[in-house]
Amino acid sequence: MKTQTIRVGVIGCGNIAQHAHLPAMQRIPGVQLMAVADNFADLAQSVAGSVGLDPKNAYNEWRRILDRQDIDAVLNLSLTIYHEDVSVAALQAGKHVLVEKPMAVTSDEARRMVAAQEKSGKVLMIAFNHTYDLASEYVKDLITTGQLGDIIHAEVFFYDDKDAWDAGALRSSLTSTQPKPKWWPDDPKLGLLHYIHNYDSHIINLMRYLLGEPQGLDYCRWQPWKQLCAVLDYGSYRVIFKNVHTKQRRFEKGIEIAGTKKRVILDLAPPLERYTPGKVTVIDAETQAVTTPLLEYRWPFEREQEHFYACIREGKTPRTSGHQGVNDVVIAEQMVAMAMGDKK
Ligand SMILES: NC(=O)c1ccc[n+]([C@@H]2O[C@H](COP(=O)([O-])OP(=O)(O)OC[C@H]3O[C@@H](n4cnc5c(N)ncnc54)[C@H](O)[C@@H]3O)[C@@H](O)[C@H]2O)c1
């Protein structure tokens, strides 16, 4: 597998497939798109056509991708409610799997995915594109090399936007003639879990990548579709976690970390704004200098897929492995339990 072409099947041909994974894949050498599948047959056909695939390689039954012996890896870009079923079946069929975030709806589902990965020996990676941003890696390096000093405070933020996260890309989406099925649950607890998965799983994963595992959750409050506010216990400091449903037309998502030597602010770029890393601002406590490093123009979605294929080739565990990803789901569940007043 070291030098061979990796042959890929895509399951789920919606927005994130069309505007992130398929264009990113086309720029990566040594990778070949073999087939696509979507519950909507007409969408699978039109997406196949848009990337130059023969129509016979477009399916409306995702298991047809798994039946193919000439496919090594699957990008599972289906709706979150299908992440477990599709990923487990793909691993059982001997395919490597990159699954979109959130990993799964519940931590039980996520653990079953990990068990299937361990049994198969294949790669299971969760697609947290912001965690593969050069800006996130720059901040990680500041922390691990001790340049920030001891961390005394951190804040993760997402001022939820209207029509900004996609940088206009969704306006050119291919769609089915059939209406999309409604899947958002009526149950308020499950609804909040999906809300956190949808809007906040990126910053939960980014927080854990940069700061490690929280020791606990001190506080979480949810004012429906207005504000989610939480405090996480990191031992010697606390992390403030805020998601504000502003409907402003700008993308403001990231993390701010204050250390004894420097403070750093990471402002992520809209994910579908290609080749744009996040912006890092560093404030030095001693010199008072404010600096912004010049980062290469790279698209996190492309770097994420490159990492997936490198892990397949080199037999490495991904940074955002399935095993690593379970705790994102656990933290989301803990937030729901506290916000909804469950006493455990
Ligand atoms: N990384 C990001 O920033 C980001 C952004 C948006 C969405 N996502 C994630 O990507 C996933 C897909 O979201 P989307 O916005 O593309 O949704 P979407 O509704 O535009 O597309 C999903 C497509 O998958 C198809 N589908 C669903 N289940 C299927 C199955 N079992 N087999 C075959 N096709 C199936 C649907 O018919 C639909 O066409 C979700 O898990 C979502 O959380 C991630």
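Biologist: How are α4 and α5 oriented to each other, roughly parallel or roughly antiparallel?

Modeller: Start with the crossing angle. This is a predicted model, so the angle is computed from predicted atoms. The axes of helix α4 (residues 83-92) and helix α5 (residues 107-120) cross at roughly 10°. They come within 9 Å. Angles under 35 degrees count as roughly parallel. The two helices are therefore roughly parallel to each other.

Biologist: Which residues of α4 and α5 meet?

Modeller: Read a helix pair from both sides. From α4 come Glu84, Ser87, Val88, Leu91 and Gln92. Facing them in α5 are Glu109, Arg112, Met113, Ala116, Gln117 and Ser120. By class, this contact holds 4 nonpolar, 4 polar and 3 charged residues.

Biologist: Now the sheets. In what order do the 6 strands of the open sheet stand?

Modeller: Read a sheet from edge to edge. Here the order is β3-β2-β1-β4-β5-β6, with parallel pairing. The edges are β3 (58-59) and β6 (124-127), and each pairs on one side only.

Biologist: How many bridges pair strand β4 with strand β5?

Modeller: Look at bridges to fix the register. Strand β4 (residues 73-76) and strand β5 (residues 96-100) share 4 bridges in the parallel sense. For one anchor point, Ala73 has His96 in β5 as its bridge partner. Then see what packs on the sheet. Helix α8 touches β1 (6-11), β2 (31-37), β4, β5 and β6. Its direction makes about 175° with that of β6.

Biologist: What is the pairing in the open sheet of 8 strands?

Modeller: Mixed, in the order β8-β9-β10-β7-β11-β12-β13-β14. Strands β8 (216-223) and β14 (290-291) stand at the edges with a single partner strand each, so one side of each has no neighbour in the sheet.

Biologist: How do strand β7 and strand β11 run, parallel or antiparallel?

Modeller: Antiparallel: 8 bridges join β7 (residues 151-161) to β11 (residues 252-259). Ile151 has Gly259 in β11 as its bridge partner. Val156 stands opposite Ile255 in β11. Now turn to the other pairing of β7. With β10, the sense is parallel, over 8 bridges. There Asp161 has Gln248 in β10 as its bridge partner.

Biologist: Which strands does helix α9 touch?

Modeller: Take helix α7 before that, with the bridges of β7 and β11 still in mind. Helix α7 (residues 188-211) packs on the sheet and touches β7, β8, β9 (227-233), β10 (238-248) and β11. Its direction makes about 145° with that of β7. Helix α9 (residues 322-339) packs on the sheet too, touching β8 and β9. Its direction makes about 60° with that of β8.

Biologist: Into which domains is the chain divided?

Modeller: Check for split ranges. Domain 1 spans 6-128 + 303-321, and domain 2 spans 130-299 + 330-339. Their C-alpha centres lie 24 Å apart. Across the interface, 24 residues of domain 1 are in contact with 24 residues of domain 2. On the domain 1 side, α1, α2 (41-50) and α8 (300-314) each supply at least two residues. That side divides into 10 nonpolar, 9 polar and 5 charged residues.

Biologist: Last, the ligand. Which residues come nearest?

Modeller: Read the shell by distance, by element, then by class. Of the 25 residues around the ligand, the nearest are Gly12, Gly14, Ile16, Ser78 and Glu100. Helix α1 (residues 15-26) gives the most to the shell, with 3 residues. By class, the shell has 14 nonpolar, 7 polar and 4 charged residues.

Definitions and conventions:
Residues numbered from 1 in each chain as written. Predicted model: local features only at pLDDT ≥ 70, side-chain atom pairs only at ≥ 80, totals over all residues. Near = placed C-beta within 6 Å. Nonpolar A, V, L, I, M, F, W, Y, C, P; charged D, E, K, R; others polar. Pairing = 2+ DSSP bridges. Contact = placed C-beta atoms within 7 Å. Axes fitted to C-alpha atoms, helices over the stretch in contact; angles between N-to-C directions. Parallel < 35°, antiparallel > 145°, perpendicular 65-115°, else oblique. Domains from an automatic or database assignment.
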